[in-house]
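Here is a quick tour of a protein model, moving from contacts inside a chain to contacts between chains and then to some backbone details. Keep the viewer open as you read.

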Amino acid sequence: MSRGLTIKKTILPYVLVSPYLVFVMIFVVFPVLFCFFLTFHKWNIISPMQFIGVDNYSRLIHDRLFWKAIGNTLKFLLLHIPLQIAVSLFLAQLLNQKIRAISFFRASFFLPVIVSGVVVTILWQQLFGYDSGMINRMLSAIGLPKAGWLVNPDIAIYSIAVMATWKNVGLYVILFLVGLQTVPPQYYEAAKLEGASPWQRFYHITLPMINPTIFLVVVLSTIGGFSLFIEPYIMTGGGPMNQTLSAVLYIYKQAFQYYNMGYSATLGFFYAFLIMTVVILQKRLIEKEE
Amino acid sequence: MKERYSFWNFMVYAALLVAATSFIYPFIWMIGAAFASSHEIGKMTIWPDHPSWGNFRSMMEKIPIGRSLINSILVASLTTSLVLITGSTVGYALAKMRFRGRQLIFYVIIFTMSLPFQITLIPNYITMVNLHLVDTYLALVVPFAVSAFAILMFRQAFQGLPQALIDAARLDGCNEMGIIFRVLWPNIKPTLVTVAILSFIGSWNEVLWPLIVIRNEQLMTMPQLVTLFAVGGRADAQLGVKIAAAVLLALPVMIAFLFFQKHFIQSMASTGLKD
């Protein structure tokens, strides 16, 4: 009886964590290993797998479309991250005082965050429309020339970056607001007594104190940018001239349009490493500054 | 001095109002446009002069939108329930039990959370093919049934509860499942709400994975169906019909947000704050 009980007691924790262990084996460990295995094979799912050594890797190195997709992602981030930080920090600063109807403002900023990206994309596709889009109509109304937001190859990716910022900024307003509220008010009072200007107070007190939040926003936006898929999928299909092709969209196309399972696995494998490297580098860089 | 203060105040409210309008107005315009005829739609007015259900009617003729709504509700509810259950049992073991490998499992969870999904995307699709799950509800639920984030949230919540609570329940003859779901759950309601909202919204808005594993229109969730409708030729480039589909997709979440606004914001913010 008591032996049975102790055995039960030693086994019980493993029974309780077993859902996770089974899950991690099937959906994390196996796929990662299998992905690595696939990178050395050519396979269209139907016919048998074919070992091709490192051909997939050399193809990746010379795949101009894949590097273009990564370049597009970097262009996207180049606008998205600074814009995101500037707008959300500005709005959080405005909210970080005695404001009436603060919950209304917070909720309105947050609305696009919870709505599906599909909705936001269909909506902005209309806003960005060349002839009947609302933005161009507003520009025409005040006498400015129309812009080809989604059809001009030079600016299409930046249009998508603006849309993505509009969708996510509400979340970062909340994160910055939490960060700003951790700054002790005595700091500001002391600085005021010393005669520091509002800008000096912001630069020397606020910015260093909310550095962890800035890091968080940079990392979350980076991961989000590297995962860009549904926006170009619906809006542009990757065009014009592949200028909005994102890496995930390219991986998707390789796998489910051309059925190059081995090659798309290679792209996914490489791309995941790239993302982790970038995030680790960002972490190093920001920790160094502290 | 007083005057300057109120001027500054006015500027703050003006800026906030402009910002709030830029986030809300497009959605209001969208709802109006869904009821507009094709020649009225380009106007910037909020409400069309001759509103009609025409766009909704022609969309319903073309795609099984009602069925997809039921699919979405089913998939999101099932996923959320499983995430709550598995998250609780695993989180409880990690928080309140001592066993070999506990720390290791904890670190594995942290590591898997930072692993980009792009690496597992293709192999997971192949797993679904081999398990004959393509074109089934299970393909939409099983890969999301366990969440590393939920486990960590529950672990943290359970750690904050006193051991005496568990000991007392055990003396009363409660088994481990009873302790977790009947004794401890009522004490961690905020965590339950947070995890439930996040996994429901996550499942509701997921679109890449359904696009990969579901081909049968009758099994599609709403975002997938609307996406394929929008990019495929079936909307006949009729903007109003596309927008009507987008409105139907947005409406359930927007209504839920209206009622549980505070919980939504707190939950979403906690994804960023806990690491």
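How many residues of domain 1 of chain A are in contact with domain 2 of chain A? The count is 10 residues on the domain 1 side, touching eight residues of domain 2. Bear in mind that this is a predicted model.

## Two domains in chain A

Let's place those two domains. In chain A, the domain assignment puts domain 1 at 4–51 and domain 2 at 57–289. Going by C-alpha atoms, the centres of the two domains of chain A are 34 Å apart. Together, domain 1 and domain 2 of chain A bury about 750 Å², with carbon and sulfur atoms accounting for 73% of that area. On the domain 1 side, the residues that lose the most area to domain 2 are Cys35(A), Thr39(A) and Trp43(A), and together they make up 47% of what that side buries.

As for specific interactions, the rule finds zero salt bridges across this domain interface in chain A. It does find two residue pairs in polar contact between domain 1 and domain 2 of chain A, both at pLDDT 80 or more. Helix H1 of chain A, residues 2–38, gives the most to the domain 1 side that touches domain 2, with four residues. By class, that domain 1 side of chain A has seven nonpolar residues, three polar ones and no charged ones.

## Chain A against chain B

Now for the contact between chains. Here 82 residues of chain A are in contact with 82 residues of chain B. Chain A and chain B bury about 7,200 Å² between them, and 84% of that lies on carbon and sulfur atoms. Which three residues supply more of the area that chain A buries against chain B than any other three? They are Leu16(A), Tyr20(A) and Ile114(A), which supply 10% of it.

Salt bridges are missing at this interface too: the rule finds zero between chain A and chain B. Polar contacts do turn up, with seven residue pairs counted between chain A and chain B, both residues at pLDDT 80 or more. H1(A) gives the most to the side of chain A that touches chain B, contributing 19 residues. That side of chain A breaks down into 68 nonpolar, 10 polar and four charged residues. So H1(A) is the top contributor in chain A's contact with chain B, and helix H1 of chain A is also the top contributor on the domain 1 side facing domain 2.

## A loop with some backbone quirks

The last stop is a loop in chain A. Most residues other than glycine have a negative phi, and most peptide bonds are trans. Gly239(A) and Pro240(A) are joined by a cis peptide bond, with omega at about -10°. Pro240(A) sits in the loop between helix H11 (230–235) and helix H12 (247–256) of chain A.

Met241(A) is in the loop between H11 and H12 of chain A, and its phi is positive, near 55°. Asn242(A) lies in the loop between H11 and H12 as well, with a positive phi near 60°. Are these side chains' residues buried or exposed? Met241(A) is exposed, because its relative accessible area of 62% is over the 50% cut-off. Asn242(A) counts as partly exposed, because its relative accessibility of 30% falls between the 20% and 50% limits.

Conventions: Residues are numbered from 1 along each chain as its sequence is written. Chains are lettered from A and ligands numbered from 1 in the order in which they are written. This is a predicted model: local features need pLDDT of at least 70, side-chain atom pairs count only at pLDDT 80 or more; totals for chains, interfaces and linings use all residues. Side-chain values use heavy atoms; hydrogens and water are left out. Domain bounds come from an automatic or database domain assignment. Contact means heavy atoms within 4.5 Å. Buried area is the accessible area (1.4 Å probe) that two parts lose on being put together, summed over both. A salt bridge is a side-chain nitrogen of Lys or Arg within 4 Å of a carboxyl oxygen of Asp or Glu. A polar contact is a pair of N or O atoms within 3.5 Å; within protein, one must be able to donate a hydrogen and the other to accept it, and residues adjacent in sequence count only if both atoms are side-chain atoms. Helices (H or I, at least four residues) and strands (E, at least two) are DSSP runs, numbered from the N terminus. Ala, Val, Leu, Ile, Met, Phe, Trp, Tyr, Cys and Pro count as nonpolar, Asp, Glu, Lys and Arg as charged, and the others, Gly among them, as polar. Buried means under 20% relative accessible area, exposed over 50%, partly exposed in between (1.4 Å probe, protein chains only).
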